[in-house]
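Dear colleague,

Here is the structure for your files. My notes on its salt bridges follow below it.

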Amino acid sequence: MYSGKRNFYSVGMFSLMAVLSLLFLSKELFCQSLDSRETFFDNIELSIRNEYIHCTGDSSPRPIHIILKWKNSIDSLNSLPGYAKLLKSYCEETGINPVDVRACDILEWQKRKLREKSENEKLIQEHIRRTELKKSDSAFVEKEISGISRSVFDYHDIPFGVSKKSFRYLAERSGLTNLSDRGHYIESDSVPLGNFFYKGAFHFDTSGKYFKYELESELFPLDSLDKKVRFIAEDLIADFRMKSGNPPDHIYGVGRFDIVSGRLSILAMWRTENISAYIGLATYKYKYYAKAIISNR
C-alpha cells in the first residue's frame, strides 16, 4: 500500500515538472518571437530611413510618420504609366540590376536627362542665332569695306576707315579674340606680328571710324635695352619693310640718353600720301620697350 502511494507521487511530480517545463519553454519561445518581431521591424525602419537619406540628402532625425509618408509617395511612382519603360532604359544605361534600383534614382535620372535635353536645345538655338548674326554681320561688313581703299600697312585685312562693329568682326576673324572696348580705342594684350606678340590699341575718331593702331612690346630693364628691346624693334622694322615692299623713308640712330619718357624715339619711319608709320623705342618707369604707331592721318 505504501509502495503504490509512493509510485503515484513520483509520477505526479514528473508530470508537474513536465508541464512547468513546457510552460517555461513556451514563455521563452514567445519572448524570443517578440524580440524577433521587434528586430524585424527595426531593420525595416532602418532600411526606409537609409533610403530616405539617400534620396533626399536629409540625415536629420525625422519622425517615422513623416518618413513613411515620403516612402508612400516615392513608391507610388512605380504605378505611374511608363515607369516600367523608364526602369528598363535606366538599367540599360547604367548597368544596374533592376532589384537594386530605387524609384528616386530613376526620378533624378529622368530630371537630369530632361535638363540635358533642354540645355542641348538651348545650345542649338544659340548656335543658330549666332550663325544668323554672323551672316548678317558679314553682309554688313562686306558692304562697308567694299568702298574703302586698302593700305600696305593695314593690320591683317582690317582697313582704316571701318566702323567699330566692322573692326571687331574683322579682328576676331583674323584671330584677335581677346578684345576689350575702352571707348575711343579697342585693346588687346596679345597681338601677333612677326616673331613677337604685342599689346595693341586700335583707335577710333569722334565719328567712330578706325584710324590708328599702336603696338607695344613688353617692358624690359635697362640691361636688356641692347640685348632684347632693340632686337624686337628691328623685327618690327623688318616686318613693315616686307609689308610695304620698301625700306624706311628715314632711319635714325637712337642712343640710350635719347630715349625719354613721354615720347617715341624714332628708329624708322615710312610716309605715304595718307599713312604714317613710326617704329622706335620708349621708356616707362625706368623700363624700356619697342613701339610702332601706324596712323591714317
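A residue counts as partly exposed when its relative accessible area falls between the buried limit, under 20%, and the exposed limit, over 50%. On that scale Glu 116, at 33%, is partly exposed. Please keep in mind that the model is predicted.

The structure holds nine salt bridges. Several of them are described here.

Within helix 4: Glu 116 pairs with Arg 112 through their side chains, at 3.2 Å from N to O. Both residues belong to helix 4 (residues 103-145), and because they are four residues apart there, about one helical turn separates them. Arg 112 is partly exposed as well, with a relative accessible area of 32%.

Between helices 4 and 5: the side chains of Arg 173 and Glu 142 form a salt bridge of 3.7 Å, N to O. This pair links distant parts of the chain, with Arg 173 in helix 5 (residues 164-173) and Glu 142 in helix 4, 31 residues apart. Arg 173 has a relative accessible area of 49% and is partly exposed; Glu 142 is partly exposed at 38%.

Between helix 5 and strand 1: Lys 164 and Asp 181 form a salt bridge in which the closest N and O atoms are 3.1 Å apart. Lys 164 sits in helix 5 and Asp 181 in strand 1 (residues 179-181), so the bridge ties together parts that are 17 residues apart in sequence. Lys 164 is partly exposed, at 22% relative accessible area, and Asp 181 is partly exposed at 41%.

Finally, a network of salt bridges links Arg 182, Glu 187 and Lys 199.

Regards

Note on methods:
Residues are numbered from 1 along each chain as its sequence is written. This is a predicted model: local features need pLDDT of at least 70, side-chain atom pairs count only at pLDDT 80 or more; totals for chains, interfaces and linings use all residues. Side-chain values use heavy atoms; hydrogens and water are left out. A salt bridge is a side-chain nitrogen of Lys or Arg within 4 Å of a carboxyl oxygen of Asp or Glu. Helices (H or I, at least four residues) and strands (E, at least two) are DSSP runs, numbered from the N terminus. Buried means under 20% relative accessible area, exposed over 50%, partly exposed in between (1.4 Å probe, protein chains only).
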